Each structure stands twice: as C-alpha cells, then as structure tokens.
Amino acid sequence: MLNPNLENLTELHGDSQKALSAFREIADLGGFGVVDPTYRGGLDVAGVLSDANTAVSEAAKNRIAKLCGEKRKEEFATTSSAAKEPGKK
Amino acid sequence: MATSATAKNWRATATAFNPGNLWTDLAIPGAAARLRVHEADGTPDATANASAFHLGATKAGADLMIAPTYDNFNVDEFRAPIITNVGSLEMGIAAELVAITDIVAMNKLLSGVSTYATGALSGDDAAYSELRIGAKAITYASIALIFELKETAGEWGIFHLYSALNNAGLKWKQSRKELGFTPVNLVGYEITTRAATDTLGCYWKTVQTS
C-alpha cells in the first residue's frame, strides 16, 4: 500500500497494536512527523520511496516499504511528488 | 564606466486566474516529498490519497494566505529597526462553499463538534443523514487547493496545508432568492516533529523553474 493508515495497516499486520507500531515507525522513518494514527488521510509513502528522494536513507526506504507490504518500484520516480528532470514530464 | 541594461521580465503568464479545486483528507507527504498529483487532470493521485474528498464549488474562488509577522527591534542610537524576528506564522485557505446540504462535506468542516450518522427508512421513521452537534475529539486534515497554471496548461499549482481545520464553523442564509453559502477559514497547524523548514505546508507547482 502507498497510503498507509491504521485501518489498512491493521489488515496487513493482523492486529491493531502491530499496525500502530508500524504506523509510528513509518512516520518516524519517513520524516512525516508525529501524525495522529487515526488520521483518515493516512501517509503518502510513494514520494518517500521515490529513488529521487535523497532525504530518506535507502535503509529507511526499504524498511518503510516492508512495513507497507510494498516492493521498491521504479515508477515511484515518475509522478509529481518526485523530483523531475528539467523539461521532462 | 559604461553601464548596461538589465532585462525586464513582466511575468505576465505567472498570474493567478484559474479556478481551483479544494480537497481534504489528503495523505500527508513525507520528508522532501510533495502531494502526489495526477497530472492529467490535477486531482490528487487516488492511490496515494485514497481518502481524498472534494469539498465542492466555491461562491467566488478561494483566498490563499501565508502570513508571517515580524517583530522589529530598535536601539536608541538609530531610528529604524536594526533587526527583526519572525514572531508568528499563519498559513490558510478561506473560501465560501455552496454545498450546504452535503452533510458529509459539512461534517468535515466541524472538527471537534459534529458527529455524522445516517439511517434508512424504518417504519414511520424517515431516512436521514445528520450532524449531531456537541463535543468530541478534535481531528485535523491535510487540505489542498489545486489549480491549473496560467503559464502552462496541464500543469498545476498546489497550496497544501499538512494539518488543518476550519475554524469558522458553518453559517449560511437559507433563502429563496439567494444562493446559500458558508464561509470557511481553513487554518494550518504545525506538525512540530517534521523538519523545521517543512512543518506547516507547501506551495508548489508541477513545473521546474530556473
């Protein structure tokens, strides 16, 4: 998932305590700040997992991806929230 | 010594003309990332913003505001301030929304006071959608106004508050002759544990400028 919140993390990890722990770890590693875990909009991890994002370490990206049940993908670098090369859309 | 001219740039296309779309319940972006936008139409990317909610039409557009206040300091020996300090900072979006009877939308504008519920027709009881008003926990939302750039069709400007709520409540005129609308004042709150340069929000566009 690229938009983790407490609800979908609970489905992924099996119980709410693990989900809460995962949410907090993702928020911490991804530089989201301390976000209310009940916040319905969740976190946008796609921009964090982008190869172009140099603010988050590769180790942290791999851990976030694992907590979200995602594999690192090339396409993370192709949308607006990732840095673009000048002149390219 | 001879002088030379410096080129002017009137920036006539870098102007704010187009209508915007007001979205709430967006995902919060992480470090060095931004709201993911579907570039084809300027809507929030549905995968990364699964809960995104469009707040509907405005009566006359939206006012966007980033407002620091500066505290100036004077010394006796000089008449003008010699240094300053950012005393406070506000970032917000104000608009007049017309979707008065959209109970779900109105519920999102009453943080800490409204509870939404629905019920089906049952015997003599009518079906209903309601907002019960009282006290409850305050919740914040990630809110953005997205508009098409005048300078480049198909590119977008984004005014994003990471954590915000409407502090104006709801107030409208119910009338036969006038379009009802409610003023909303969406104010941003800092997420204090983010990077110091990125706690409140982000104003950006999908075009790289030199």
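**Exercise 1. State how confident the predictor is in chain B and in the model as a whole.**

Solution. Chain B has an average pLDDT of 96, and 100% of its residues score at least 70. The structure is a predicted model, and its overall scores are an ipTM of 0.85 and a pTM of 0.91.

**Exercise 2. Determine what pLDDT chain A averages, and where in chain A the pLDDT stays under 50.**

Solution. The average pLDDT of chain A is 85, with 81% of the residues scoring at least 70. Over residues 82–89 of chain A the value stays under 50. For that stretch the model has 10 contacts beyond four places in sequence.

**Exercise 3. Describe the secondary structure of chain B and decide whether chain B is a compact globule or more spread out.**

Solution. Begin with the elements: chain B contains 13 strands and one helix. Read from the N terminus, their order is β-β-β-β-β-β-β-α-β-β-β-β-β-β. Next, compare the radius of gyration with the globule rule: for 210 residues the rule gives 17 Å, whereas chain B has 22 Å, well over that value, so chain B is more spread out than a compact globule. Finally, consider the extents: the C-alpha trace of chain B spans about 95 × 50 × 40 Å along its principal axes.

**Exercise 4. Work out how helix α1 of chain A is placed against α2(A).**

Solution. Helix α1 covers residues 6–13 of chain A, and its axis comes within 8 Å of that of α2(A), at a crossing angle of roughly 120°. An angle between 115 and 145 degrees falls in the oblique class; α1(A) and α2(A) are therefore oblique to each other. Their crossing is right-handed. On the α1(A) side, the residues that meet α2(A) are L6(A), L9(A), T10(A) and H13(A). Their counterparts in α2(A) are S16(A), K18(A), A19(A), L20(A), A22(A) and F23(A). By class, this contact comprises six nonpolar, three polar and one charged residue.

**Exercise 5. Repeat the analysis for α2 and α4 of chain A.**

Solution. Helix α2 spans residues 16–29 of chain A and helix α4 spans residues 58–67 of chain A; their axes come within 10 Å and cross at roughly 155°. Because angles over 145 degrees count as roughly antiparallel, α2(A) is roughly antiparallel to α4(A). The crossing is left-handed. From α2(A), the contact draws on A22(A), E25(A), I26(A) and L29(A). From α4(A), it draws on A60(A), R63(A), I64(A) and L67(A). Sorted by class, there are six nonpolar, no polar and two charged residues.

**Exercise 6. Establish how many residues each chain gives to the contact between chains A and B, and which strands of chain B supply at least two residues each.**

Solution. Chain B contributes 28 residues and chain A contributes 26 residues. Within chain B, β2 (28–29) and β10 (141–148) each supply at least two residues of the side that touches chain A. Divided by class, that side of chain B has 14 nonpolar, eight polar and six charged residues.

Technical notes. Residues numbered from 1 in each chain as written. Chains lettered and ligands numbered in written order. Predicted model: local features only at pLDDT ≥ 70, side-chain atom pairs only at ≥ 80, totals over all residues. pLDDT = per-residue confidence, 0-100. Axes fitted to C-alpha atoms, helices over the stretch in contact; angles between N-to-C directions. Helix = DSSP H or I, 4+ residues; strand = E, 2+ residues; numbered from the N terminus. Parallel < 35°, antiparallel > 145°, perpendicular 65-115°, else oblique. Left-handed = near helix turned anticlockwise from the far one by under 90°. Contact = placed C-beta atoms within 7 Å. Nonpolar A, V, L, I, M, F, W, Y, C, P; charged D, E, K, R; others polar. Rg over C-alpha atoms; globule rule 2.2 N^0.38 Å.
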